[in-house]
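User: Please take a close look at one part of this structure, the place where the two domains meet, and set it in the context of the sheets on either side.

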Amino acid sequence: MSVPRTSALTPEQARQDMVDALVEERADLGMEKLPEQVEEALRAVPREVFVPGLPLVEAYDRHQAIVTKHDEAKRVALSSVSAPSIIALMLQRADIRPGHRVLEIGSGGYNAALISHLVGETGQVTSIDIDPDVIARAERCLKEAGVDQVHLAVTDGEHGFASRAPYDRIIVTAGAWDLSPSWEEQLAVGGRVVIPMRVRGLTRCLTLERAEEPGYWRSLAADMCGFVRMQGVGEHWERMPLLHQEEGSQVGLRLEDGPQVDVDALRRALTQDGETVWAGACVRADEPTDALDLYLASTADGWALLTAQRGAITSKLIRPVVLMGTPAMVDEEGESFSYRALRRSPDDEELYEFGAVGHGPAGRRVAQNMVDLIGVWDREHRGGPGPRIDLVPIDTAAEDLPTGRVVSKRHTHMILNWTANPFE
Ligand SMILES: C[S@@+](CC[C@H](N)C(=O)[O-])C[C@H]1O[C@@H](n2cnc3c(N)ncnc32)[C@H](O)[C@@H]1O
């Protein structure tokens, strides 16, 4: 039972409370225990110094990233001090040891201070950012926190930071689309890259280890995460045709690769009533759907993400969706589409049933295709280990590509295979 506080919250108390809550939450969710050294670092580094002026409860909200810079025109965040929960997970995946040389791409100060704690006096931390304001801010905060071991530099992370290589670990903290060849060149033998990477529009934090052959990588884990977008040479924007343009009620499709679409036909399709097909497969209200999203992204032809502004839902133009991106599919003609829907289960009010809404001449068929894939995931992959994710060089001959869904980027092909053992 928690004891009511009689005095004002101190930074020390807020920090310990945050870590206690993080540890407890991970146990409740059945997640792996946080490594002791990561827990110790989180208990030691004063996060409030890296988000000055913020009330302690916000500074120490374990799930809250603190945005420090916006792009007003594009209405997106450019920089933030990441949320403790995702930082903890990435540090766990990175498995940083005393004496390691670590490169952090995307700075803020807080994570670099934690890494400093993990590598100890014999280690080395380099933290780079494309934005001089971010580096100036990180420098001030690190000084204030008494952390003097971090080498900061303003540069585009796409090129890594050759003068302090090799690195045992590279941690990328901006949403990347591809893996830069510089990072492989600058990584020590047995090294690891932890990186939020886009997988057909979804973002997953991959823990990448090199396979034997140069240019080949295997992911040890693919965790849910969200990050500000990578800028600079590695920046990549998906196509985003708008199907409904009214400000406040916009509906769009985010297309990373694949389908060519007839935007006018899709716009017309959305003006007509949709047809909904229900899947029978259900989830609890608090159950994450990220595994299903990744399965659909890996298996659906014509894959897209439907994005929406709230007004499109309140006006009933579309059924309720995840505003940032709901699984969607476009047919071969590019004239019809479907998107994933949920309704309270008619059989059990604790559960929500998956379905798909189809629009356009082939709307019902695309909705049925999506529901069929949801059925396969439910029967064969639900609760399983997820896909094996390999990265192979972009010049790999087609006949040498591993089996699975191939997502081609600039330097690499990403291969997602749900039938291979991801740990083999
Ligand atoms: C989420 S913030 C980093 C958070 C930080 N690691 C922390 O301690 O919480 C992402 C940062 O990546 C930076 N960034 C984006 N593209 C970059 C690039 N190409 N090279 C280096 N930094 C980049 C942004 O300027 C932003 O400051």
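Analyst: A salt bridge is counted here when a side-chain nitrogen of Lys or Arg lies within 4 Å of a carboxyl oxygen of Asp or Glu. The model is a predicted one, and in it the side chains of E247 and R75 form such a bridge, with 3.5 Å from N to O. Side chains of opposite charge can pair when their charged atoms come close.

The count of salt bridges between domain 1 and domain 2 is one. A search of the whole structure finds 27 salt bridges. E247 sits in the loop between strand 10 and strand 11 (251–254), and R75 in the loop between strand 1 (66–71) and strand 2 (76–81), so the pair ties together parts that are 172 residues apart in sequence.

The R75 side can be described further. Strand 1 and strand 2 run antiparallel and are joined by five bridges; K69 has S79 of strand 2 as its bridge partner. Four residues lie between the strands of this hairpin, and R75 takes a positive phi near 55° there. Most residues other than glycine have a negative phi, and most peptide bonds are trans. Another positive phi in a residue other than glycine belongs to D95, near 50°, in the loop between helix 4 and strand 3 (101–105). A cis peptide bond, with omega about 5°, joins A165 and P166; P166 is in the loop between strand 5 and strand 6.

Next, the contact between the domains. The domain assignment gives domain 1 as 12–234 and domain 2 as 242–381. Taken over C-alpha atoms, the centres of the two domains are 33 Å apart. Nine residues of domain 1 are in contact with 11 residues of domain 2. The size of an interface is often given as the accessible area lost when the parts come together. Here domain 1 and domain 2 bury about 1000 Å² between them, and 47% of that is on carbon and sulfur atoms. On the domain 1 side, R200, L202 and R204 supply 60% of the area buried against domain 2, more than any other three residues.

Polar contacts between domain 1 and domain 2 number eight residue pairs, with both residues at pLDDT 80 or more. Strand 7 (187–199) and strand 8 (202–210) each supply at least two residues of the side of domain 1 that touches domain 2.

Strand 7 and strand 8 belong to an open sheet of 10 strands with mixed pairing, in the order 5-4-3-6-7-8-9-17-19-18. At its edges stand strand 5 (150–154) and strand 18 (405–408); each has a single partner strand, so one side of each is left without a neighbour in the sheet. From one strand to the next the twist averages 25°. Strand 9 (residues 217–224) pairs with strand 17 (residues 388–393) in the antiparallel sense over two bridges, and W217 has L391 of strand 17 as its bridge partner. Helix 4 (residues 84–94) packs on this sheet, touching strand 6 (167–172), strand 7, strand 8 and strand 9, with its direction at about 145° to that of strand 7. Helix 9 also packs on this sheet, where it touches strand 7, strand 8, strand 9, strand 18 and strand 19 (412–417); its direction makes about 80° with that of strand 8.

The other sheet to consider is an open one of seven strands, in the order 10-11-13-14-15-16-12, with antiparallel pairing. Strand 10 (242–244) and strand 12 (275–284) are at its edges, each with a single partner strand, so one side of each is left without a neighbour in the sheet. The twist from one strand to the next averages 35°. Within this sheet, eight bridges join strand 15 (residues 337–344) to strand 16 (residues 351–359), and the two run antiparallel; S338 stands opposite G358 in strand 16. Helix 9 (residues 290–299) packs on this sheet too, touching strand 13 (303–308), strand 14 (326–330), strand 15 and strand 16, and its direction makes about 130° with that of strand 13. Helix 11 (residues 363–381) touches strand 12, strand 14, strand 15 and strand 16 as it packs on the sheet, its direction at about 15° to that of strand 12.

Note on methods. Residues numbered from 1 in each chain as written. Predicted model: local features only at pLDDT ≥ 70, side-chain atom pairs only at ≥ 80, totals over all residues. Heavy atoms only, no water. Pairing = 2+ DSSP bridges. Axes fitted to C-alpha atoms, helices over the stretch in contact; angles between N-to-C directions. Contact = heavy atoms within 4.5 Å. Domains from an automatic or database assignment. Buried area = accessible area lost by both parts, 1.4 Å probe. Polar contact = N/O pair within 3.5 Å; in protein donor to acceptor, adjacent residues only side chain to side chain.
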